[in-house]
Amino acid sequence: MAKIFVISKDEEFKSLASKFSSESRFIDYNNKDTFDFIEEIKNFRPDIIIVDSAYDSYENFIKLGKTASNDENIQMVLALHDEDKNIDCMSYVDGIIKFPIDEDILKTILNSHMKTKRSFDKLADNNKELSKSLYQINALYNTSSQFAGTLNKDDLCNIMLEGLNRILSFDIASVLILGQNKSAVLHINSLCEISKTLMHALKMRLTLKYNNSFEDEKIPFEVDFRKIKIVEKTKPSSNIYDLKILNYNTLFAPIKVGDNFFGVIEIIKKEPFSSEDVTCFQTIVHQVALPLRSATLYEEIKETNIKLEKLEKIKSEFVSVVSHELRTPLTPINNSLEIVLSGQAGEISDDTKNFINMAKRNVIRLSGIIEDLLDLSRVQTGKLEYKFKKMNIKPSIDLVCQTFKQSAQEKNINFEENIEDDLGEYYIDNRRIEQILSNIISNALKFTSEKGYIKVTTKKNARPDDRLVSPVKILDNNYLKISIEDSGVGIKEEDIPKIFDKFSQVESSLARNTGGIGLGLTITKQLLDTHFGLVSVESEKDKGSVFNIYIPNYSQEINFRMELNKTILKAPNLGLIYIRQEKDCNFIQKLEEKNIIKKTQNSMEITIPQGNYEHYFIYIPRLEDSALNFIQTNIEQEIKNLKTNSENCNILLETATKTDMKKLESIIGTLDELGDKNE
Amino acid sequence: MSKKILIVDDERDIVETLAFMLKQKGYECIAAYDGEEGLKLAKEEAPDLIILDVMMPKINGYKICRLLKFDTKYKEIPIIMVTARGQAQDIQIGEETGADEYITKPFEFNELFDTVQKYVGE
């Protein structure tokens with residue numbers, strides 16, 4: 001039976017209507033106006049409103065009915081007296097009944113309207129449920145997509161709690177996230193402030209629940225109650241939660257992937273949880289576990305890395321200290337031998353002389369090994385000093401060849417030199433170049449047996465093997481190539497990539513061939529890197545090896561680069577264009593305007609070194625597609641301009657990534673060609 | 001007749017000093033400077049004792065030792081292994097290959113000489 005509200009003066013009709021309703025109200029013309037009607041409808045909440053068309057201003061009641069009740073589904077029925085009456089509020093009416101009223105018809109009509117009302121109500125309820133689910137799904141989706149964005153445990157935990165709050169609107173959520181060495185972090189998010197006892201209780205409760213979740217099994221990560229750090233997030237409010245809240249509804253779950261535990265979570269809520277709530281809760285908790293695992297692994301890796309770095313540093317320092325200590329006693333040994341040998345300490349026989357010489361030779365060898373160790377640790381700790389100068393490289397090559405020629409003759413090895421006369425000037429540290437050559441030639445000598453040969457050849461304007469990748473794009477691709485060929489034991493193909501690694505000879509343990517500890521080539525490679533040089537190795541087992549050293553023809557930019565590296569390291573987002581003349585500043589400005597180079601917030605100064613440079617260093621940071629067009633039209637022109645304006649200038653172009661360089665090349669044509677065209 | 005000792009080591013300086021000292025003590029010394037030659041001389045010259053280095057070109061000392069000790073013809077020749085590899089694990093490998101003694105570098109000549117005498121003393 002329905003709740004019916006009747007607006008009529010017809011007493012007979014009113015009593016008839018009340019017969020078919022569970023509860024009915026009537027309105028009296030004299031003391032009720034529309035305002036009272038609204039109040040009454042709100043309180044009474046009828047299912048059906050019947051308005052008598054004989055009633056004064058009955059149309060107002062019809063129009064107001066649905067709004068007043070705040071119920072879209074309320075059924076408005078108009079009781080019509082006169083068929084011809086022109087009714088302009090028909091669109092507000094759900095049904096019509098005509099006077100004279102037949103009892104059966106009224107009953108049927110009321111029943112059918114009641115059914116309609118109930119169906120609509122149910123539909124509305126379902127809609128509400130649906131939109132709630134939709135909201136939850138949305139929140140779930142949002143939360144899970146946020147998980148992917150971070151590898152920080154605290155952030156992950158916060159994202160999870162915010163997501164859960166949006167979906168479940170909890171009163172309190174507490175999460176225990178396991179850390180290392182029995183430590184843990186307890187995150188507490190609460191709607192109100194919480195009392196100290198409650199805080200303590202939550203901490204205790206979660207730890208216990210965590211321990212209990214393993215029942216009789218062994219707990220994989222024990223948690224020390226004293227090592228729990230609390231992160232509390234409460235909303236300031238007048239109300240304070242105390243222990244009573246623990247009587248509310250709770251949801252609890254472990255956070256885990258397979259057998260890996262990352263923590264536990266519990267949420268407390270006054271209202272009961274629906275089955276959807278539980279599903280959502282489980283989904284989110286399940287989803288946070290995977291990123292938590294990654295975060296844990298990430299933390300471990302980071303820690304290991306720090307440890308390794310420390311270890312590496314300690315090792316380098318250790319090597320350095322030990323080598324110094326080893327060097328000290330060698331000096332008096334050498335001196336004593338020197339004294340005995342000179343005959344100052346008494347006459348010596350030929351045999352004695354022979355053995356003392358042998359001792360001396362080995363002291364020198366030991367010093368060499370110690371020097372190598374020291375050099376390596378200097379190179380690795382960046383303590384090696386370089387003195388770069390523009391100088392002729394030939395004297396250095398000659399000097400090294402001269403030194404080894406004699407040793408080669410002693411070993412009955414043919415030492416052949418094929419060195420061009422005018423090799424030209426290079427920007428080098430001659431002592432390091434000599435060291436590089438000595439290391440490689442002494443290796444050749446070491447591994448070549450009697451009647452073999454060693455050949456040193458130079459070639460100007462050489463192009464290195466395509467497989468060799470220079471860290472710097474050198475436009476003219478112009479190098480001096482020094483080849484050292486020998487007929488020695490050769491290197492197995494699979495070993496070639498390893499020979500520049502530290503202690504590579506030691507690793508190959510038993511198959512020892514000759515002295516040395518395998519540091520020479522490591523040092524050589526590092527020294528060559530500093531010169532922006534390259535090295536390639538061709539070798540065949542038992543036939544011999546060829547080491548090709550490439551030293552860039554330019555090298556003044558090494559200076560630039562060192563300067564630039566310092567600056568770029570400070571502000572990695574900033575691109576630099578190294579320029580020579582003042583007018584070139586316009587170029588920078590243009591690039592800035594087009595957003596090709598950006599100044600970061602930590603603004604930095606571009607220092608333009610003074611002096612008449614022959615080289616340009618253009619560094620382009622991240623290339624964005626929008627910038628490519630601009631570069632196409634401008635850089636090409638600019639490079640051409642630079643080339644025509646100054647003779648013999650070299651341009652070095654560098655981009656942040658290889659792909660960017662490829663893009664650039666495809667636009668400008670190969671940069672090498674560009675250089676050639678203008679020369 | 002004086003006893004014959006074969007020294008196998010790729011370090012010429014070591015061979016030379018050892019040979020000099022052993023000759024002073026009345027032994028006859030022959031030398032090989034790599035594994036292959038060492039094995040050849042061991043078989044051809046039938047020495048009374050072999051002083052054998054481990055890390056050598058061509059054939060390493062462990063292998064030579066094993067080849068000799070598993071050959072009935074040569075297994076009676078005492079072998080003293082001399083090496084810079086002094087880890088317990090290396091010594092164990094040396095013993096497993098059947099070497100009679102294992103001496104680590106650097107060693108005092110007297111220590112080696114005592115060991116030599118143990119096997120080929122007068």
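Which residues does Leu164(A) touch, not counting residues up to four places away in sequence? Select Leu164(A) in this predicted model. Its partners are Phe170(A), Ala173(A), Ile267(A), Phe281(A) and Ile284(A), with residues up to four places away in sequence left out.

Next, widen the selection to the surrounding core. Leu164(A) and Val288(A) have the most contacts inside the largest nonpolar core, which has 42 residues. To display the elements that give two or more residues to this core, select helix 5 (153-168), helix 6 (196-212) and helix 7 (275-342) of chain A, then strand 6 (172-178), strand 7 (184-190), strand 11 (249-257) and strand 12 (260-269) of chain A. Another core, of 35 residues, lies apart from it; select Ile397(A), Ile433(A), Leu445(A) and Ile549(A), which are among its members.

Return to helix 5 of chain A and add helix 4 (residues 103-147) of chain A. The axes of these two helices come within 9 Å and cross at roughly 175°. An angle over 145 degrees counts as roughly antiparallel, and helix 4 and helix 5 of chain A are therefore roughly antiparallel to each other.

For the contact itself, pick Gln136(A), Ala139(A), Leu140(A), Asn142(A), Thr143(A), Gln146(A) and Phe147(A) on helix 4 of chain A. Facing them on helix 5 of chain A, pick Leu156(A), Ile159(A), Met160(A), Gly163(A), Arg166(A) and Ile167(A). Colored by class, this contact shows seven nonpolar, five polar and one charged residues.

Finally, show the whole of chain A. There are 17 helices and 22 strands in chain A, and 27% of its 679 residues count as buried. Among contacts in chain A with a separation of 6 or more, 72% join residues 24 or more positions apart.

Key:
Residues are numbered from 1 along each chain as its sequence is written. Chains are lettered from A and ligands numbered from 1 in the order in which they are written. This is a predicted model: local features need pLDDT of at least 70, side-chain atom pairs count only at pLDDT 80 or more; totals for chains, interfaces and linings use all residues. A nonpolar core is a set of buried Ala, Val, Leu, Ile, Met, Phe, Trp, Tyr and Cys residues joined through C-beta atoms within 7 Å. A residue is buried if 20 or more other C-beta atoms lie within 10 Å of its own, exposed if 12 or fewer, and partly exposed in between; C-beta atoms are placed from the backbone. Helices (H or I, at least four residues) and strands (E, at least two) are DSSP runs, numbered from the N terminus. Two residues are in contact if their C-beta atoms, placed from the backbone, lie within 7 Å. Axes are lines fitted to C-alpha atoms, for helices over the stretch in contact, and angles run from 0 to 180 degrees between N-to-C directions. Angles under 35 degrees count as roughly parallel, over 145 as roughly antiparallel, 65 to 115 as roughly perpendicular and the rest as oblique. Ala, Val, Leu, Ile, Met, Phe, Trp, Tyr, Cys and Pro count as nonpolar, Asp, Glu, Lys and Arg as charged, and the others, Gly among them, as polar.
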